[in-house]
Amino acid sequence: MNIKSMLSPAVTGMKPSGIRKFFDIVSTMPDAISLGVGEPDFVTPWHIRDAGIYSLEKGKTYYTSNSGLLELREEICNYLARRFGVSYAPEGEVVVTVGGSEAIDLCIRALISPGDEVLIPEPSFVCYTPCTQLAGGVPVPIVTKAEDNFKLTPKALKAAITPRTKLLILPFPNNPTGAVMTEDDLRGIADVLRDTNIFVLSDEIYAELTYGMRHFSFAHIKGMKERTILVSGFSKAFAMTGWRLGYACGHKDIISAMTKIHQYAIMSSPTTSQFAAIEAMKNGEADAEEMAAEYDHRRRIILEGIRQIGLSCFEPFGAFYIFPDITVTGMDSEEFCEALLREEKVAVVPGTAFGSSGEGFVRCSYAYSISSINKALERIDRFVSRHK
Amino acid sequence: MEEKILRLLEQDCCYTHAQIATMLGISVEEVDAQIASLFEKGIILKYIALIDWEKTDREFVTAHIELRVTPQRGEGFDKVAERIYQYPEVKSVYLMSGGYDLGVTIEGRTLKEVALFVAEKLAPMEFVLSTKTHFVLKKYKQNGIIFDTPKEDERRMISL
């Protein structure tokens, strides 16, 4: 039996991540330095871990309601109101998911019918396109450019809209570029959308990681809340990646549709993680701020270092990535990454992993200690000097 | 800004002034001036290394001594503390609230050496009412640093 031929074409058609084998090499090099990983290097703050442990000691090992513990949903709503001035009802307008990723998948599946177009600014996180394809939708990339600081511009958005456009993904602060959209930038986007029926999936997972400015939520713009599904989670803000917990907030009809899928596919998000997350929402803000301050130090060090090396790089104000232009070496993104790993044992991610518009760039994560960053910078400097 | 510089130096005093300047978005000259003034004012006393001596061959013991003392007329506890902290064996002295007055850390080569120091030097002082000696068996964390922190990065590459 040819098993492969019997798999769903929707899955066989999905592009596998080409980066996997590349990073398998990294793990075999003991003295390699990686700036490749896209998750915090901090451990979850102890009081949050402790709350998870305590819930286990108390025997809280049951399922929660499908949409998540009510107390957690209440705390999420309090947090969003307090931090970003957006208000949601704990009952009906929030669903707690397995990471922000599940929320993205649920949102796309709940909204997209076959043939619907989904606008995806690129470069961006890798899941939007495959999730759209699995839902039968048509991914429509919108290229963002270094000269626009990798922001989505109203002009580019307008040009991409067709009568089939159903959903716009708004992935800011952005992975991999570190770009943010300010209130003014977002108002420009809102003006384009105002007279359309286009929904917005605002992926705000990096909202706590903005530097020198407060994050502004798209849902905060008057008239935009109804069409916006705000997706976020605990991984980046509270260093809780392994707990797998996120959430989506939005109009009750959309959240209810998303919860229906969630209820059949997942049942309910991990209970221990939910109890830990309540503690994070109640008492974790100082931790989040402290971690953000630390990332900011590293961001300045790596940006300064990369520019001194002679690579041009726009200043990113969000997430924990910088996205330097490597064309001065005459190599393409993949060649650069392979050669850098082979010659200097430093791992960074080719920009093309995040869409073809990432060609000519690489993603460096600064979720690493200052000493690792400095070591990596020295090696990148040697490498670039050799190849310029 | 002063506090930000101090927090960075408390993390790692080996950061160069240029690195600190970059991290905080200020000029190197300003960092130079601030740090000079912090030394001047005695806010930064010294840059030292945090050492896990347990990992070396050096023989040593540490003890925490609880001292109950009579404060001296006109000079309170400060004069008493001064008489005690002059000894090089004494590594730290704190004035405490609660069941005793001075918390003293003593380091010596052997248990006996420390015990004798307490018996011969501290206990006979005229203002010392009582001593209670606790020997340190293992150090887990000091100055916010956990001694046995795994060095390996356990994060794995996943789907980016």
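Leaving aside its neighbours within four places in sequence, which residues is Thr228(A) in contact with? The legends below start from this residue of a predicted model and then move outward.

**Figure 1. Thr228(A) and its surroundings.** Thr228(A) lies in strand S7 of chain A, which covers residues 228–233. Its contacts, apart from neighbours within four places in sequence, are Val200(A), Ser202(A), Phe218(A), Ala219(A), Cys249(A) and Gly250(A). Is Thr228(A) buried or exposed? Thr228(A) counts as buried, because its relative accessibility is 0%. A polar atom of the Thr228(A) side chain lies 2.6 Å from the backbone oxygen of Met224(A).

**Figure 2. The loop between S7 and S8 of chain A.** Strand S8 spans residues 246–249. Two residues of this loop are shown, Ala239(A) and Arg244(A). Ala239(A) is not a glycine, yet its phi is positive, at about 55 degrees. Arg244(A), also a residue other than glycine, has a positive phi near 55 degrees. How is each placed with respect to the surface? Ala239(A) has 5% relative accessibility, so it counts as buried. Arg244(A) is partly exposed, with a relative accessible area of 31%.

**Figure 3. A cis peptide bond before Pro123(A).** The bond runs from Glu122(A) to Pro123(A), and its omega is near 0 degrees. Where does Pro123(A) sit? Pro123(A) belongs to the loop between strand S3 (117–122) and helix H7 (128–134) of chain A.

**Figure 4. A cis peptide bond before Pro173(A).** Here the bond joins Phe172(A) to Pro173(A), with omega near -10 degrees. Pro173(A) is in the loop between S5 and H9 of chain A.

**Figure 5. Helix H9 of chain A and its cover.** H9 spans residues 183–193. Which of its residues are buried? They are Leu186(A), Gly188(A), Ile189(A), Ala190(A), Val192(A) and Leu193(A). Their cover includes helix H8 (154–160). It also includes two strands of chain A, S5 (165–170) and S6 (199–203).

**Figure 6. Chain A in full.** Chain A has 14 helices and 12 strands. Its C-alpha trace spans about 60 × 60 × 55 Å along the principal axes. For 388 residues, a compact globule would have a radius of gyration near 21 Å; chain A has 21 Å, which agrees. Of the 388 residues, 57% count as buried. Among contacts with a separation of 6 or more, 75% come from residues 24 or more positions apart. The chain exposes about 16,000 Å², and carbon and sulfur atoms supply 52% of that area. There are 40 positive and 47 negative side chains in chain A. The centres of these two sets lie 2 Å apart.

**Figure 7. Chain B in full.** Five helices and six strands make up the elements of chain B. Along the sequence they follow the pattern α-α-α-β-α-β-β-α-β-β-β. The radius of gyration of chain B is 21 Å, well over the 15 Å that the globule rule gives for 160 residues, so this chain is more spread out than a compact globule. Its C-alpha atoms fill a box of roughly 65 × 40 × 30 Å along the principal axes. Of the 160 residues, 29% count as buried. Contacts between residues at least 6 apart in sequence join residues at least 24 apart in 57% of cases. Chain B exposes about 11,000 Å², with 53% supplied by carbon and sulfur atoms. It carries 21 positive and 26 negative charges, and their mean positions are 5 Å apart.

Technical notes
Residues are numbered from 1 along each chain as its sequence is written. Chains are lettered from A and ligands numbered from 1 in the order in which they are written. This is a predicted model: local features need pLDDT of at least 70, side-chain atom pairs count only at pLDDT 80 or more; totals for chains, interfaces and linings use all residues. Side-chain values use heavy atoms; hydrogens and water are left out. Helices (H or I, at least four residues) and strands (E, at least two) are DSSP runs, numbered from the N terminus. The radius of gyration is taken over C-alpha atoms; the globule rule is 2.2 Å times the number of residues to the power 0.38. Buried means under 20% relative accessible area, exposed over 50%, partly exposed in between (1.4 Å probe, protein chains only). Contact means heavy atoms within 4.5 Å. Accessible areas come from the Shrake-Rupley method with a 1.4 Å probe; for residues, only the protein chains shown count as cover. Lys and Arg count as positive and Asp and Glu as negative; His and the chain ends are not counted. The place of a charge is taken as NZ of Lys, CZ of Arg, CG of Asp or CD of Glu. A polar contact is a pair of N or O atoms within 3.5 Å; within protein, one must be able to donate a hydrogen and the other to accept it, and residues adjacent in sequence count only if both atoms are side-chain atoms.
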